[in-house]
Amino acid sequence: MNTFSLSDNDTPTLTRTTTLLQRLKELTGIRTDVELSDVLGIKPNTLSTWKKRNTLDYKKVLETCHSYRLDLNKIFLCPKVFSRCGQHRKKEFPVVPREIYYPYVTHLKDPQFIDSLPRFNFPFISGKNIRAFQIMGSGMSPKLEDGNFVVGEHLEDTGHIIDGQIYILVSKLKGVFINRIKRDTQYPGFLHLINDKKVISPQIRMDEKEIVELWKVTSVFSLDFVEGHPQEPNG
């Protein structure tokens, strides 16, 4: 299991691959591994390899959970942690996988669409208005890696932006971006989206007027089922 880059020591225990796949079958009404591999869009021998190596393609599992409207807590968390989560259902927050970035931007004002997003509940993540976004093609490595998830706390407007901090910006013209931000000193009202790998040459300049949603990144976590056990948080 790769790192949970968080500040709380209450790291959850996540589920091993064989148990997770069994839960998928139970919650989707599937009886055989052949049926499950078909739902996941993989070959049966790939599923067998996942079990042997205790690995999986997290993207495919998340897509299946989204398609079947499955509770991610029931899939990924061990019963002990899930029971704690069940006591705090109001702490669940929506998760935006990278493959639905485009529909997220176009249906941002649709309450039904937002309600249809996968939801998660980690005991150590809290906030009044938070949402998780999956990182796509990150230039923020090693701080943020492609495929990880960042959790953002909603901000009302760009007036709350602090130079040098990382934000999730939803632009009605350009889509979803997760970057370190710096204000343009020559052109007020514009922001530079800076990649950590290219701090000297910002790649994108964005007009604050096109930003329809803004989130300040508070934590980042990974659900990569490779190592088998969670490591210490990266801070």
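Reader: In this predicted model, is Arg-131 buried or exposed, and what is its relative accessible area?

Author: The cut-off for a buried residue is a relative accessible area under 20%. Arg-131 meets this criterion and is therefore classed as buried, its relative accessible area being 10%.

Reader: With which residue does Arg-131 form a salt bridge?

Author: Arg-131 lies in strand E4 (residues 130-134), and its partner is placed 82 residues away in strand E10 (residues 211-221). The partner counts as buried at 11% relative accessibility. The closest N and O atoms of the pair are 3.8 Å apart, and the residue that pairs with Arg-131 is Glu-213.

Reader: Which residues are linked with Asp-33 in a network of salt bridges?

Author: Asp-33, in helix H2 (residues 33-40), pairs with a residue of helix H3 (residues 44-53) that is 18 residues away. In that salt bridge the closest N and O atoms are 2.7 Å apart, and the partner is Lys-51. The network that includes Asp-33 is completed by Lys-25 and Lys-51.

Reader: What is the relative accessibility of Arg-205, the residue that forms a salt bridge with Asp-184?

Author: Asp-184 sits in the loop between strand E7 (175-183) and strand E8 (190-194), whereas Arg-205 belongs to strand E9 (residues 204-207). Asp-184 is buried, with a relative accessible area of 10%. Partly exposed residues fall between the limits of 20% and 50%. Arg-205 therefore counts as partly exposed, its relative accessibility being 39%.

Reader: How many salt bridges does a search of the whole structure find?

Author: The pair of Asp-184 and Arg-205, with closest N and O atoms 3.6 Å apart, is a salt bridge. For the whole structure, the number found by the search is six.

Definitions and conventions:
Residues numbered from 1 in each chain as written. Predicted model: local features only at pLDDT ≥ 70, side-chain atom pairs only at ≥ 80, totals over all residues. Heavy atoms only, no water. Salt bridge = Lys/Arg side-chain N within 4 Å of Asp/Glu carboxyl O. Helix = DSSP H or I, 4+ residues; strand = E, 2+ residues; numbered from the N terminus. Buried < 20%, exposed > 50% of the residue type's maximum accessible area, 1.4 Å probe, protein only.
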